[in-house]
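Got the model open in your viewer? Switch on side chains and follow along, one selection at a time.

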Amino acid sequence: MIYSKITGTGSYLPEKVLTNKDLEKLVDTSDKWIQERTGIKERHVAAEGETTCDLALHASRRAIEMSGISNADIDMVILATTTADKIFPGTACLLQKKLDVHGCPAFDVQAVCTGFVYALSIADKFIRAGETQCALVVGSETLSRILDWNDRSTCVLFGDGAGAVVLEAAAEPGIMSTHLHADGSYEHLLHVPHGISIGYEQLKAGEAYVYMEGNAVFKMAVNTLGQIVDEALEANRIGKSDIDWLVPHQANSRIIEATARKLKMSLERVVVTVAQHGNTSAASIPLALDVAVRDGRIKKGQTLMLEAFGSGFTWGSALLKF
């Protein structure tokens with residue numbers, strides 16, 4: 001039996017930090033208002049000319065270094081992103097080029113905030129099928145490029161960053177199970193309403209911005225995340241107490257706290273980086289994972305629950321042994 005296991009993690013944040021105090025100068029908001037509603041204190045913003053692929057490259061190199069593999073060992077690249085460098089080719093192909101990796105499959109996954117969990121699930125299945133031995137799985141975003149900096153309901157929430165893992169074939173389970181879902185009937189609650197075949201004139205004018213009905217998204221997220229955690233536990237016949245760490249999508253501290261309560265988990269067992277990173281969409285889980293691995297909280301052999309909820313709506317979880 002072939003399984004897949006994470007052997008390396010990496011992350012990268014742009015140098016520029018935008019604090020809540022900075023945002024007070026741009027839009028009608030306050031540090032107190034933002035922290036009370038989201039838990040966010042600051043976020044990172046990509047420099048002019050710094051791309052989603054650039055962020056992904058830094059994170060990937062760090063994950064590759066930790067894993068001990070060489071770039072030539074990589075036989076699949078999957079990159080989850082909402083903010084691709086180009087309409088085509090995929091940002092995964094651009095990353096593949098920068099890593100000097102040739103010939104293996106490389107493609108993007110677009111499931112917004114759930115994108116990394118989707119990408120991890122796909123890579124796991126390729127490895128279990130024996131078609132891949134070593135996959136690079138990345139979440140990378142430059143969400144600052146699609147924000148309306150006059151809209152205080154959205155511009156305070158998001159940040160830029162990237163996270164990556166190396167996933168290798170193993171004799172014993174790393175990834176125990178993944179669970180993916182979507183329901184497009186909710187697309188109007190959180191979306192960018194303009195693109196290539198809809199609203200192209202607004203896209204050309206640089207007016208393709210995130211739109212969100214925050215209260216509706218919050219309620220749906222809290223209810224759904226509790227369900228997908230239960231789904232993963234039932235599938236593996238384990239209890240809530242068997243989870244060492246919850247590594248959630250970093251959207252909002254209130255959502256994270258509500259999910260922890262449903263799991264009856266102390267926040268001391270939840271990796272929370274939203275205060276420093278904001279919501280980095282597909283990058284948020286691998287970013288948080290790498291932070292907790294490198295500071296020593298997450299250790300080999302521990303059981304982790306990854307879970308995410310995003311536009312689409314999409315949602316999903318992954319249960320794994322690190």
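Select D31 and show what surrounds it: setting aside neighbours within four places in sequence, D31 is in contact with N20, K21 and E24 (contact means heavy atoms within 4.5 Å). D31 belongs to helix α2, residues 31-38; helices (H or I, at least four residues) and strands (E, at least two) are DSSP runs, numbered from the N terminus. This is a predicted model, where local features need pLDDT of at least 70 and side-chain atom pairs count only at pLDDT 80 or more, while totals for chains, interfaces and linings use all residues. Residues are numbered from 1 along each chain as its sequence is written, and side-chain values use heavy atoms, with hydrogens and water left out.

Stay on D31 for a moment. Which side chain of opposite charge is nearest to D31? K21, 5.1 Å away, and D31 is buried yet has no salt bridge. Buried is under 20% relative accessible area, exposed over 50% and partly exposed in between, with a 1.4 Å probe and protein chains only. A salt bridge needs a side-chain nitrogen of Lys or Arg within 4 Å of a carboxyl oxygen of Asp or Glu; Lys and Arg count as positive, Asp and Glu as negative, and His and the chain ends are not counted.

Also in the helix α2 range, pick W33: R152 lies over its face, 4.8 Å from the ring centre. For a charge to sit over a ring, NZ of Lys or CZ of Arg must be within 6 Å of the ring centre and within 35 degrees of the ring normal. K300 does likewise, its charged end over the ring of F322 at 4.6 Å from the centre.

Next, select 160-170. That's strand β7, with nine of its 11 residues buried, so the rest of the structure largely encloses it. β7 pairs antiparallel with β1 (residues 3-12) over nine bridges, and antiparallel with β6 (residues 134-142), also over nine bridges; pairing takes at least two DSSP bridges. To check the register, look for T9 against V165 and E141 opposite G161.

Last stop: the aromatics. The whole structure has three aromatic pairs, where Phe, Tyr and Trp rings (six-membered for Trp) have centres within 6.5 Å; planes under 30 degrees apart are stacked, over 60 edge-to-face, the rest tilted. F309 and F313 are tilted, 4.7 Å centre to centre with 45 degrees between planes. F309 and W315 sit 6.4 Å apart at 25 degrees, so that pair is stacked. Finish by showing Y186, F309, F313 and W315 together as one aromatic cluster.
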